[in-house]
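Let's take a walk through this fold, starting from its core and working outwards. Have the model open as you read.

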Amino acid sequence: MNALTPLPEATVVPMAGDCALLPDHALFVGLCAAEQERIAQTFSIHRFNDGAPILLDGAPMVGVIQSGALARVSRSGIGMQTVGLLLCGDLVSPAGPRTSGVLAMALDRTAIFGTSAEHFRALLREVPRLQLNYLDLVATELQATRGWYTMLGRKTAPERVASLILRLSRQSIPGSEGLIDLLLTRDRIGSLLGLKMETVSRQIRAFSKAGVIEMHSPTKIKVLDKAALVRATGDIWRETSRL
C-alpha cells in the first residue's frame, strides 16, 4: 500500500431518498427536521481511493468519515511525514493557518459524508446550532492533538506502538472477527509516532511473540490479550474503563 500516490479524487454518491436522516454524529445533534433536511441537501457521500487527496474539485471539504481512514501528511524539506490519523466517525475539516502545509489523504477506500468547505461555511451562517456543534468538535480535536503530542514526548517506544494499536483496535474490519488493519506502512507508523521504521517493526514483533497480538499479514493483526495491550500503553489508569 502506498497511500502517498495520488489517485483520482472523490466519487460522489448521493444520499438515498430519505436524505433528511443524517448520520448519528455530534455534528448533527440538536438540529430540527428542517435544518437536517437543508444540510442533507448539501451533503453527499464522497468516496476516495487509497492515496487520493481529500479535496472536492481541488478545494478543501468538511465532513464525517463513514468508512476507511485518513492520514494527515506534512510536506517538509525532508519529504512527506505522517503527522496525524483520522478514523471512522472523526470530523474532517480544512487545515488552519498554522497547518496550511498539512494535507489529508485517504488510506484504503474511504467514504466521507460531507461537502465543500465553501458550502459548509454557508450552512454555518444559516444554521447556528450546526456552528456550535462544529466549534465544539474542532475544540475537541485540538485538545486530542495536543494530547497526542504530549504522549509522544513522555512515552517509550513500546508504549507508543501499543497506544496506536489500541486506538486502531476500536475499529476492527467488519466481518473479520476482530481483525485490525494497521492502515499504514511501518515507515509511516514510525513517522506518526516519532520512531524509526526498524523500531516499529521490532516492537510489533515483540508484541506478537508475547502473545499480545497475532500477525495475519504485514498490515493485518488481531489483539489476543486486550488487558496486556492496555498495560503496554502505560495508561492503564485511563484505559481500563474502556475495556
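The largest nonpolar core holds 36 residues, and Leu85 and Ile165 have the most contacts inside it. A nonpolar core here is a set of buried Ala, Val, Leu, Ile, Met, Phe, Trp, Tyr and Cys residues joined through side-chain atoms within 4.5 Å; buried means under 20% relative accessible area, exposed over 50%, and partly exposed in between, with a 1.4 Å probe and protein chains only. Two or more residues come from each of β3 (61-76), β6 (102-116), α3 (128-154), α4 (157-169), α5, α6, β9 (220-223) and α7. Of these, α4 gives the most, with seven residues. Both domain 1 (26-151) and domain 2 (155-233) put at least three residues into this core, the bounds coming from an automatic or database domain assignment. Apart from this one, there's a second, separate core of 21 residues, and Val64, Phe113, Phe120 and Leu124 are among them. As a general backdrop, nonpolar side chains in soluble globular proteins tend to be buried together.

A word on ground rules. This is a predicted model, where local features need pLDDT of at least 70 and side-chain atom pairs count only at pLDDT 80 or more, while totals for chains, interfaces and linings use all residues. Residues are numbered from 1 along each chain as its sequence is written, and side-chain values use heavy atoms, with hydrogens and water left out.

Back to Leu85, which sits in strand β4 (residues 79-86). What does Leu85 touch, not counting residues up to four places away in sequence? The list runs to Leu70, Asp90, Leu107, Leu164, Arg167, Leu168, Leu183, Leu184 and Leu192, with contact meaning heavy atoms within 4.5 Å. Leu85 counts as buried because its relative accessible area is 6%. One of its partners, Leu184, is 99 residues away along the chain, with 9.6 Å between the two C-alpha atoms.

Another partner, Leu183, lies in the loop between β7 (179-181) and α5. Its phi is near 70°, a positive value in a residue other than glycine. Leu183 is at 7% relative accessibility, so it counts as buried. Asp57 also has a positive phi, about 55°, although it is not a glycine. That residue is in the loop between β2 (44-48) and β3. Asp57 is exposed, because its relative accessibility is 81%.

Now for the two helices α5 (residues 186-193) and α6 (residues 197-209). They pack at an angle of about 100°, with their axes 8 Å apart. So α5 is roughly perpendicular to α6. The axes are lines fitted to C-alpha atoms, over the stretch in contact for helices, and angles run from 0 to 180 degrees between N-to-C directions; under 35 degrees counts as roughly parallel, over 145 as roughly antiparallel, 65 to 115 as roughly perpendicular and the rest as oblique. On the α5 side, the contact uses Arg186, Asp187, Ile189 and Gly190, which meet Met197, Val200, Ser201 and Ile204 of α6. Those residues split into four nonpolar, two polar and two charged. Glu198 is found in α6 too, and is 8.3 Å from Asp187, C-alpha to C-alpha, at a separation of 11 residues in sequence.

Here is how a few helix residues line up on accessibility:

| Residue | Helix | Relative accessible area | State |
|---|---|---|---|
| Ser169 | α4 | 16% | buried |
| Glu198 | α6 | 47% | partly exposed |
| Glu35 | α1 | 22% | partly exposed |

Leaving aside neighbours within four places in sequence, Ser169 is in contact with Ile180, Val223 and Lys226. With the sequence neighbours up to four places away set aside, Glu35 touches Gly30 and Val127. The C-alpha atoms of Glu35 and Pro128 are separated by 9.9 Å, the two being 93 residues apart along the chain.

Towards the end of the chain comes α7 (residues 226-233), whose buried residues are Ala228, Leu229, Val230, Ala232 and Thr233. Just after α7, Gly234 takes a positive phi of about 80°.

Zooming out, the chain has eight helices and nine strands; helices (H or I, at least four residues) and strands (E, at least two) are DSSP runs, numbered from the N terminus. Of the 243 residues in the chain, 44% are buried.

Technical notes. Nonpolar A, V, L, I, M, F, W, Y, C, P; charged D, E, K, R; others polar.
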